[in-house]
Amino acid sequence: MDELQNKYQDLKKALRSYGKVIVAFSGGLDSSFLLKSALESLGKQNVLAVTAYSDSVSPSELIEAVRIANVLNANHRVILTDEFSNPQYLKNAPNRCYFCKDELFTKLRQIAISEKIDHIAYGAIVDDEGDFRPGMTAAKEHQIESPLQRVRLTKAEIRILAQDLPFWNKPANPCLSSRIAYGETITPQKLQQIDQAEKFLKELGFNLVRVRHHDRLARIEVSPDEINKILDPTCVKDIVLKLKSLGYAFVAVDLEGYRQGSLNESLISSLPNHATKKT
C-alpha cells in the first residue's frame, strides 16, 4: 500500500508541475480518476475537462461523462469531433484509432492555444502498453501528457485509489467503432445498430457487454461468469429476436467471454511499419 500511495503522490506532483491542464475526459475510470487527481492537485480554476462527441460515442456514455464531471465539480466542455470526414478512419484498418486520436488531439490543442494552457493530458495507463494502441502514436506526435502511465499506475491500482468515488468500478467502454471488425467500413448506421444491441443486453442485466460486428453476424461477449446466464434458452430467444430486428442475420455468443481488444487477436504479430502512421 505504501508503494501505491507513493505512486499517487508522484502523480499529484506531476500534475502540479503543469500549472494548468486540459484533461481529455471520456468519462471512463482512467480519465475520471485523472480528472479528480488534477482537480485536487491544481484546483478547479486550473483544470478544463473536455469530452469529445461523435457518432462513435454512445449517447449514454456522453450523459455519464457529463454526470461524472458534475459530481467532481469540474469545468467541463463537450466538443464535436469530425473523424467521420476522414476516409482513412472510415475504412477501418488496424490503425483506425490513430486517426480518431489525431482528430481529438488537434481539437484539444486548438482549445489549449485559445485558453493559454500549455499542457494536455489523457488517461493512458500501464495496461495499455500490452495491447495494440495506435492512438498512443498520435498522443506522442501531439505531445500529450500521460501522467498515469508516467507514474506506472495500473487499472487495478486506480480502482483501489478511486474506491471512495461512484465510478470506481465502472467497466471499460471504448468507442463503438472498436466493435467493428477491421476492414469493414464504419458507418453511423452500424454504430447505432451496435449501440442498440448493447443497450438491450445491459437492460437484461449484463453489465460487461460487447457486441462485435462482423458484417451480418453479431458476436456477443459477456464476462466469463455470465456465459451460462446468456445461454439460458429463454434469454437466447429474446436476444436473437431483438438483434435480428436490428438487422443482424446471425447471432453468436463468444464462449471465451469478454477480453480486452479481442478484435486485435486476428492481427499478425508484426504489423507493417506504416500501421501506426498517418497515410
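Q: Where does Asp215 lie in this predicted model?
A: Asp215 sits in the loop that runs between β5 (209-214) and β6.

Q: Why is Asp215 called exposed?
A: Asp215 has a relative accessible area of 52%. A residue counts as exposed when that value is over 50%, so Asp215 with its 52% is exposed.

Q: What makes the backbone at Asp215 worth a second look?
A: Asp215 has a positive phi, about 60°, although this residue is not a glycine.

Q: Which other residue has a positive phi although it is not a glycine, and where is it found?
A: That description also fits Arg152, with a phi of about 65°. You will find Arg152 in the loop between α7 (147-150) and α8 (155-161).

Q: Why is Arg152 called partly exposed?
A: Its relative accessibility is 39%. Buried would need a value under 20% and exposed a value over 50%. Arg152 at 39% lies in between, so this residue counts as partly exposed.

Q: How do you know whether Glu184 is buried or exposed?
A: Glu184, in the loop between α8 and α9, has a relative accessibility of 14%. The cut-off for buried is under 20%, so Glu184 at 14% counts as buried.

Q: What does Glu184 touch, leaving aside its neighbours within four places in sequence?
A: The contacts of Glu184 are Leu90, Lys91, Asn92, Lys190, His213, His214 and Asp215. That brings us back to the Asp215 we began with, in the loop between β5 and β6.

Q: What makes the pair Glu184 and Lys190 a polar contact?
A: Their side chains are joined at 3.2 Å. The cut-off for a suitable pair of N or O atoms is within 3.5 Å, so this 3.2 Å pair qualifies as a polar contact.

Q: How do you know whether Ser223 is buried or exposed?
A: Look in the loop between β6 (217-222) and α10 (227-230), where Ser223 has its place. The relative accessible area of Ser223 is 13%; with buried meaning under 20%, Ser223 is therefore buried.

Q: Which side chain shares a polar contact with that of Ser223?
A: The partner is Asp225, at 2.7 Å. Not counting residues up to four places away in sequence, Ser223 also touches Leu208 and Tyr258.

Q: Why are Arg96 and Gly135 both called buried?
A: Arg96, in helix α5 (residues 96-115), has a relative accessible area of 8%. For Gly135, in helix α6 (residues 135-141), the value is 5%. Buried means under 20%, so Arg96 is buried, and so is Gly135.

Q: What do Arg96 and Gly135 touch, apart from residues within four places in sequence?
A: Arg96 is in contact with Tyr89, Ser177, Ser178, Ile180, Tyr182 and Ile186. Gly135 touches Cys97, Tyr98, Lys101 and Phe105.

Q: How far apart are Arg96 and Pro134 in sequence and in space?
A: They are 38 residues apart in sequence, and their C-alpha atoms are 7.6 Å apart in space.

Q: How do you know how α9 and α11 are oriented to each other?
A: Helix α9 (residues 188-203) and helix α11 (residues 233-245) pack at about 160°, with axes 10 Å apart. Angles over 145 degrees count as roughly antiparallel, so that is the verdict for α9 and α11. The contact of α9 with α11 has five nonpolar, no polar and two charged residues.

Q: Why are α1 and α2 called roughly perpendicular?
A: Helix α1 (residues 2-16) and helix α2 (residues 29-42) pack at an angle of about 65°, and their axes are 9 Å apart. The range for roughly perpendicular is 65 to 115 degrees, and α1 and α2 are therefore placed in that class. Their contact divides into seven nonpolar, two polar and four charged residues.

Q: What is the hand of the crossing in each of these two helix pairs?
A: α9 passes α11 in a right-handed crossing, and α1 passes α2 in a right-handed crossing too.

Definitions and conventions:
Residues numbered from 1 in each chain as written. Predicted model: local features only at pLDDT ≥ 70, side-chain atom pairs only at ≥ 80, totals over all residues. Heavy atoms only, no water. Helix = DSSP H or I, 4+ residues; strand = E, 2+ residues; numbered from the N terminus. Buried < 20%, exposed > 50% of the residue type's maximum accessible area, 1.4 Å probe, protein only. Polar contact = N/O pair within 3.5 Å; in protein donor to acceptor, adjacent residues only side chain to side chain. Contact = heavy atoms within 4.5 Å. Axes fitted to C-alpha atoms, helices over the stretch in contact; angles between N-to-C directions. Parallel < 35°, antiparallel > 145°, perpendicular 65-115°, else oblique. Left-handed = near helix turned anticlockwise from the far one by under 90°. Nonpolar A, V, L, I, M, F, W, Y, C, P; charged D, E, K, R; others polar.
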